[in-house]
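Let's take a friendly walk through a protein structure, one stop at a time. Keep the sequence and the 3D view side by side as you read.

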Amino acid sequence: MRLGVLDVGSNTVHLLVVDAHPGARPLPAHSHKVELRLAQLLDDDGSIGPDGIDRLVSVVHEALQAAEDKGVEEIVPFATSAVRDARNADDVLGRVREETGVELRVLSGEEEAKLTFLAARRWFGWSSGKLLVVDIGGGSLEIAYGLDEEPDAAVSLPLGAGRLTAGWLPGDPPRAEDVRALRRHVRTEIARTVGEFSRFGAPDHVVATSKTFKQLARLAGAPGSAEGPYVQRELKRESLEAWVPRLAGMTAAERAELPGVSEARAGQLLAGAMVAEGAMDLFGVERLEICPWALREGVILRRLDHMVQA
């Protein structure tokens, strides 16, 4: 069947259309993406404002039209941290449901981590052994660890690149004292979770997903996206540690000139890099591999599993 996954994330609203068959690899057929930046449209009280809701409804309408144009048989819609953490989440979901007919399922942070882990496990296979999976989104950081398809430990932290940029790095370029304060905050939050994972022993393979990690790996010399998803891409901690102070001294416009960095994500790249550096340091990771599959693919795979069971 032709399946669509509608991901209402903190940075983007992304419709991914795949040709899906139980037992087979989902084949991407179409991608429709709009940079909405919900995580940065919050009012002072933590609510998504009227303009943000109106824009979200409009973008969902666009995605539905794109799905119809591409012959999608079923859409699996979900929302992540921006909607999950909004004070008026119920109002947002109600407006979307009433005006578009789409019932957005709000994933918990733990569900995000588990579904992303499933995608990484299926991509790398059983031979990868014990996996540690790290994902940096616009609103949250997910970490999961395990030997099977269901992780032994999975956590979500409010350390997304967009959220931290908006809350901690107002300058362009940011002030040195703001960068130091964010560094302390990031490492304190991550350090609280390390013990939960260390009791399971060292992972055999560490992988990362998300646009942030892909851009950081590209800066460190990994092949570009034009070379396809099957080329191995990795990020070494020593390379990341060298890039963080350089990114801190750049404006968003200057970062956008770097290889592999999009203009839309350039402003939050420093915060993402600081989270990545903190996670690699505190978990004792010297290098990690970039996984092409992430949350959306995990949602697709789980849906196909349910079809087989039915």
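A good place to begin is leucine 219, which sits in helix H7, the stretch of residues 211-219. Before going further, please keep in mind that this is a predicted model. Is leucine 219 buried or exposed? Its relative accessibility is 9%, and because buried means under 20%, leucine 219 counts as buried. Leaving aside residues up to four places away in sequence, leucine 219 touches Trp243, Leu247, Leu258, Pro259, Val261 and Leu269. You can also use leucine 219 to get a feeling for distances: serine 198 is 21 residues from it along the chain, and the C-alpha atoms of the two are separated by 30 Å.

For a contrast, turn to serine 127, in the loop between H4 and S6. Serine 127 has a relative accessible area of 74%, so it is exposed. Asparagine 88 is 39 residues away from serine 127 in sequence, and from C-alpha to C-alpha the two are 44 Å apart in space.

Just past that loop come some strands worth tracing. Strand S6 covers residues 131-136, and it pairs with S7 in the antiparallel sense over 6 bridges. One of the matches to look for is leucine 131, whose bridge partner in S7 is glycine 146. Together S6 and S7 form a hairpin, with 4 residues between them. On to the next neighbour: S7 is joined by 5 bridges to strand S8, residues 153-157, and these two run antiparallel. Here isoleucine 143 has valine 155 in S8 as its bridge partner. S7 and S8 form a hairpin too, with 6 residues between them.

How many residues of S7 are buried? In this strand, residues 141-146, the count is 6 of 6, so S7 is mostly covered. In a regular strand, side chains alternate between the two faces of the sheet. Following that pattern in S7, you find Leu141, Ile143 and Tyr145 on one side and Glu142, Ala144 and Gly146 on the other, all buried, so both faces are covered.

Next, let's look at the empty spaces. The structure holds 3 cavities of 30 Å³ or more, and the largest of them has a volume of about 50 Å³. Its lining consists of Leu132, Val134, Val206, Phe213, Ala276, Ala279, Met280, Phe283, Val285 and Leu288. What classes do these residues belong to? The lining has 10 nonpolar residues, with no polar and no charged ones. S6 and helix H11 (269-282) each supply at least two of the lining residues, and H11 gives the most, with 3.

The second largest pocket offers another kind of lining. It encloses about 300 Å³ of space, and of its 15 lining residues, Arg105, Leu107, Leu115, Val299 and Arg302 are the closest to its centre. Strand S4 (74-79), helix H4 (109-124) and helix H12 (295-309) are the elements that give two or more residues to this lining. The largest share, 5 residues, comes from S4. By class, the lining of this pocket has 7 nonpolar, 1 polar and 7 charged residues.

Charged residues bring us to the last stop. Side chains of opposite charge can pair when their charged atoms come close. The structure holds 24 salt bridges. One of them joins the side chains of glutamate 150 and lysine 114, at 3.3 Å from N to O. Because glutamate 150 lies in the loop between S7 and S8 and lysine 114 in helix H4, this pair ties together parts that are 36 residues apart in sequence. Glutamate 150 is partly exposed at 42% relative accessible area, and lysine 114 is partly exposed at 25%.

Another salt bridge, 2.8 Å from N to O, brings together the side chains of arginine 122 and aspartate 305. Here arginine 122 belongs to helix H4 and aspartate 305 to helix H12, so distant parts of the chain, 183 residues apart, are linked. A local pair is arginine 192 with glutamate 189, whose closest N and O atoms are 2.8 Å apart. These two are separated by about one helical turn, because they are 3 residues apart in helix H6. Arginine 192 is exposed at 62%, whereas glutamate 189 is buried at 17%. To finish, look for Arg187, Arg237, Glu241, Glu277, Asp281 and Glu286, which are linked in a network of salt bridges.

Key
Residues are numbered from 1 along each chain as its sequence is written. This is a predicted model: local features need pLDDT of at least 70, side-chain atom pairs count only at pLDDT 80 or more; totals for chains, interfaces and linings use all residues. Side-chain values use heavy atoms; hydrogens and water are left out. On a 1 Å grid over the protein atoms alone, a cavity is a set of points where a 1.4 Å probe fits but cannot get out, and a pocket is an open set with protein on both sides within 12 Å along at least five of seven lines; lining residues have an atom within 4 Å of a point. Grid points are joined across faces, edges and corners, and a volume is the space filled by probe spheres set on the points. Ala, Val, Leu, Ile, Met, Phe, Trp, Tyr, Cys and Pro count as nonpolar, Asp, Glu, Lys and Arg as charged, and the others, Gly among them, as polar. Buried means under 20% relative accessible area, exposed over 50%, partly exposed in between (1.4 Å probe, protein chains only). Two strands pair if DSSP finds at least two bridges between them. Contact means heavy atoms within 4.5 Å. A salt bridge is a side-chain nitrogen of Lys or Arg within 4 Å of a carboxyl oxygen of Asp or Glu.
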